[in-house]
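Colleague: I am new to this structure and would like a close look at a single part of it. Please take me through the place where the ligand sits.

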Amino acid sequence: MNIARQLHVIKKKLPASVTLVAVSKFHANDAILEAYEAGQRIFGESRVQELILKQEQLPKDIEWHFIGHLQMNKVKYIIPFIHTIQSVDSIELLKVINQLAEKSNRTISILIQIHIAEEEHKYGFSYKDAENLFKSSLLDDFSYISVSGLMGMATWTDEMKQIRKEFAELSRFFQQIKKEYFANKPDFKELSMGMSNDYPLAIEQGSTMIRIGSKIFGERR
Ligand SMILES: *Cc1c(COP(=O)(O)O)cnc(C)c1O
């Protein structure tokens, strides 16, 4: 895989409004450096242990996004450096992030993960639970969290119709939430949806942030 070339191919077709997160999980530091040297600065990882090693060893101006299921007891390891936690899937997790961010005197960007796929094992709030969260004033209490938007993962399927439907639904929800609860909060602006196999569909449906792994780095080791 020529990483620099793949990055170029993907970025060439990206609308300016869409941010590319390079998902480097299971890939070695030299692969990440290749992408870094080609200009990429935002990287996504889904395991805490792996992320903290990479963060120590790689350039400090990398913006790290956590995209996997995050266990409460591991939050403390990433709080000192993490830029965005895209995979916030419970209120308990929000509380822990806010507490530890306060201790570190940092503000952490987070995305609320919405469960949009058919698979049961995927994480995230249901639409209903997310709406209830936004309706409550709970988020206002978290001074060390910046709520930057929503994240979702479509069903793993070849059926474009199914994926498009899931992305369209999430996009509608995002617009509605933004209008109703974040009208005066410009930080709420990211709709993170789209991976290697479905990102063109996601962009078509209004994604502002895509998370691409294998199309940049090749298959995971
Ligand atoms: C692994 C992963 C990606 C990237 O997947 P690819 O199919 O390799 O592009 C994106 N988002 C999340 C949440 C992931 O876990």
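**The ligand and its surroundings**

Modeller: Start with serine 196, where an N or O atom of the side chain is 2.5 Å from an oxygen atom of the ligand. This is a predicted model, and the distances should be read as belonging to it. Arginine 211 also takes part through its side chain: one of its polar atoms lies 2.8 Å from a nitrogen atom of the ligand. At glycine 213 the backbone is involved instead, with a polar atom 2.8 Å from an oxygen atom of the ligand. Taken alone, the ligand exposes 390 Å², and the protein buries 93% of that area.

Now to the wider setting. The ligand sits in the largest pocket. The residues around the ligand include Ser196, Arg211 and Gly213. Two others from this part of the sequence are Ile212 and Ser214, and Met195 and Arg220 are also around the ligand. The remaining residues around the ligand are Val23, Lys25, Ile67 and Met153. To find the site in the display, pick out serine 196, arginine 211 and glycine 213, and look for the polar atoms described above.

Key
Residues numbered from 1 in each chain as written. Predicted model: local features only at pLDDT ≥ 70, side-chain atom pairs only at ≥ 80, totals over all residues. Heavy atoms only, no water. Near = heavy atom within 4 Å. Polar contact = N/O pair within 3.5 Å; in protein donor to acceptor, adjacent residues only side chain to side chain. Areas by Shrake-Rupley, 256 points an atom, 1.4 Å probe, with all protein chains shown as cover. 1 Å grid on protein atoms, 1.4 Å probe; cavity = no way out; pocket = protein on both sides within 12 Å on 5 of 7 lines; lining within 4 Å. Sits in = over half its atoms within 2 Å of the grid points.
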